[in-house]
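Subject: the structure for you to look at

Hi,

Here is the structure I said I would send over. Have it open while you read, and I'll walk you through what turned up.

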Amino acid sequence: MVLGRGGVSAKDVAKAAGVSRAAVSRAFTPGASISAETRKKVMKAADTLGYQVNHLARGLIRSETGIVALIAAELATPYRSALLAALSERLQEAGKVAMLINSDRSDDSVERALRQAISYRTDAAVVLSGMPKTELTETCLKNGMRLVLINRDEYREGSYLIRLDDRAAGRTAFATLAAAGCRRLALATSQAGTPSLSARRDGFRDAAAAAGVEIVEEATGPTSYETGLSIGTRLMSQTDRPDGVFCTTDLLALGVMDAARHRFGVRIPEDLSVIGFDDVPQASWESYDLTTFSQPVGEIADACVDWLTGDAMSGDPLQTSIPVQLAWRGSVRKNQPF
């Protein structure tokens with residue numbers, strides 16, 4: 001059989017099997033009415049010709065493509081890559097196709113990414129970076145797209161907002177360091193200014209203010225290991241250096257720990273207790289053994305995909321808050337009496 005330049009089509013399979021084009025369609029449609037003998041003929045012809053169902057074309061007929069755009073920045077960071085892996089895996093299990101769009105954190109970048117998603121007729125978009133403008137959100141919804149916003153600081157009507165209780169984590173970090181006997185506390189964060197980092201910072205500040213404790217704050221650079229090294233160097237250079245530090249991400253914490261140990265000979269946790277956030281793989285390495293808050297990436301991915309694959313909801317704002325757990329390791333000394 002001579003096939004067209006576009007590859008094997010359902011028409012080619014129908015001709016080879018000696019059945020109608022409609023019979024081929026029914027053979028590949030779960031639950032469709034078709035005799036066992038006809039299905040067997042179609043499947044044999046399809047295997048021989050190497051035919052694959054064009055799910056995109058089928059979806060367009062139903063106004064559904066099965067494509068979900070994942071819009072994210074800083075893809076190389078351990079937490080972000082773990083979340084994207086969990087999301088794409090869950091989407092694939094649900095029969096969806098994940099389309100990754102790399103953006104920066106600016107509103108303009110997210111706007112371009114969403115318009116690109118609309119042009120590809122995606123069913124939904126999961127936004128991990130920036131915040132889409134209200135009018136763009138309305139455009140997405142008018143085009144039948146669902147929107148999931150993860151760890152954003154502003155709700156958009158018609159979308160689904162998934163957040164972690166970052167502020168509570170900041171308060172827990174302060175209480176943990178105070179209970180460990182730390183008296184000179186510091187906060188290390190970046191200048192990224194994301195809602196998550198800001199909430200962790202604010203929770204730590206709130207707890208310190210309630211306890212009447214003055215803290216030292218260092219906020220500079222991107223959220224990276226190198227920034228942590230720089231912050232750790234500045235903190236350890238102080239005459240009255242801190243004995244407890246809460247870092248708003250693990251990458252910052254790892255940098256702070258290495259600066260303290262290797263540049264100043266500070267012992268962890270005897271001289272300095274450190275808490276991070278994210279529970280990246282490096283945090284459990286023996287060289288760090290970092291006490292940190294675990295990111296529930298599995299729960300985030302489940303909440304996202306469950307909503308996307310379920311019926312649209314209405315009424316109250318669609319949002320959920322997921323608690324985080326402290327993973328206790330050796331970078332914080334054992335509790336001491338006040």
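One thing before we start: this is a predicted model.

Let's begin with a sheet. Six strands make up an open sheet with mixed pairing, in the order β7-β6-β8-β9-β10-β12. At its edges are β7 (216-219) and β12 (325-327), each of which pairs on one side only. From one strand to the next, the twist averages 20°. If pairing is new to you: strands of a sheet pair through backbone hydrogen bonds, either parallel or antiparallel. Here, β10 and β12 take the antiparallel sense, with three bridges between them. To find the spot on screen, look for serine 294, whose bridge partner in β12 is glutamine 325.

Two helices lie against this sheet. α10 packs on it and touches β6, β7 and β8, with a direction at about 150° to that of β7. α11 lies across β6, β8, β9 and β10, and runs at about 155° to β9.

It is worth staying with α11 for a moment. Does its length make sense, and what span should its residues give? Helix α11 covers residues 250-264, and at 1.5 Å a residue its 15 residues should span 21 Å; the end C-alpha atoms are 20 Å apart, which agrees. Is α11 enclosed or open? Eleven of its 15 residues are buried, so α11 is largely enclosed by the rest of the structure. Among the buried ones are Leu251, Leu254, Val256 and Met257. The elements covering them include α5 (78-93), α10 (225-236) and strands such as β6 (185-189) and β8 (244-247). Right after α11 comes glycine 265, with a positive phi near 70°.

Now for the other sheet. This open sheet of six strands has parallel pairing and the order β2-β1-β3-β4-β5-β11. β2 (97-102) and β11 (319-322) are at the edges with a single partner strand each, so one side of each has no neighbour in the sheet. The twist here averages 15° from one strand to the next. Inside the sheet, β3 (residues 124-127) and β4 pair in the parallel sense over four bridges, and valine 127 has leucine 149 in β4 as its bridge partner. α12 lies across β1 (67-72), β3, β4, β5 and β11, at about 165° to β4.

Next, helix pairs. Two packed helices are described by the angle between their axes and the distance between the axes. α5 and α12 (residues 297-309) pack at about 40°, with axes 9 Å apart. α5 and α12 are therefore oblique to each other, and α5 passes α12 in a right-handed crossing. Residues making the contact include Tyr79, Leu83 and Leu87 of α5, along with Ile300, Val305 and Leu308 of α12.

The second pair is α8 (residues 166-179) and α9 (residues 195-211), which pack at about 45° with their axes 6 Å apart. α8 and α9 are therefore oblique to each other, and α8 passes α9 in a right-handed crossing. Among the residues that meet are Phe174 and Leu177 in α8, and Phe204 and Ala208 in α9.

Last, a single residue to click on. Tyrosine 155 sits in the loop between β4 (146-150) and β5 (160-164), and is partly exposed, with a relative accessible area of 24%. Glutamine 319 is 164 residues from tyrosine 155 in sequence, yet their C-alpha atoms are 8.2 Å apart in space.

Have fun exploring!

Technical notes. Residues numbered from 1 in each chain as written. Predicted model: local features only at pLDDT ≥ 70, side-chain atom pairs only at ≥ 80, totals over all residues. Heavy atoms only, no water. Expected span 1.5 Å × (residues − 1). Buried < 20%, exposed > 50% of the residue type's maximum accessible area, 1.4 Å probe, protein only. Contact = heavy atoms within 4.5 Å. Pairing = 2+ DSSP bridges. Axes fitted to C-alpha atoms, helices over the stretch in contact; angles between N-to-C directions. Parallel < 35°, antiparallel > 145°, perpendicular 65-115°, else oblique. Left-handed = near helix turned anticlockwise from the far one by under 90°.
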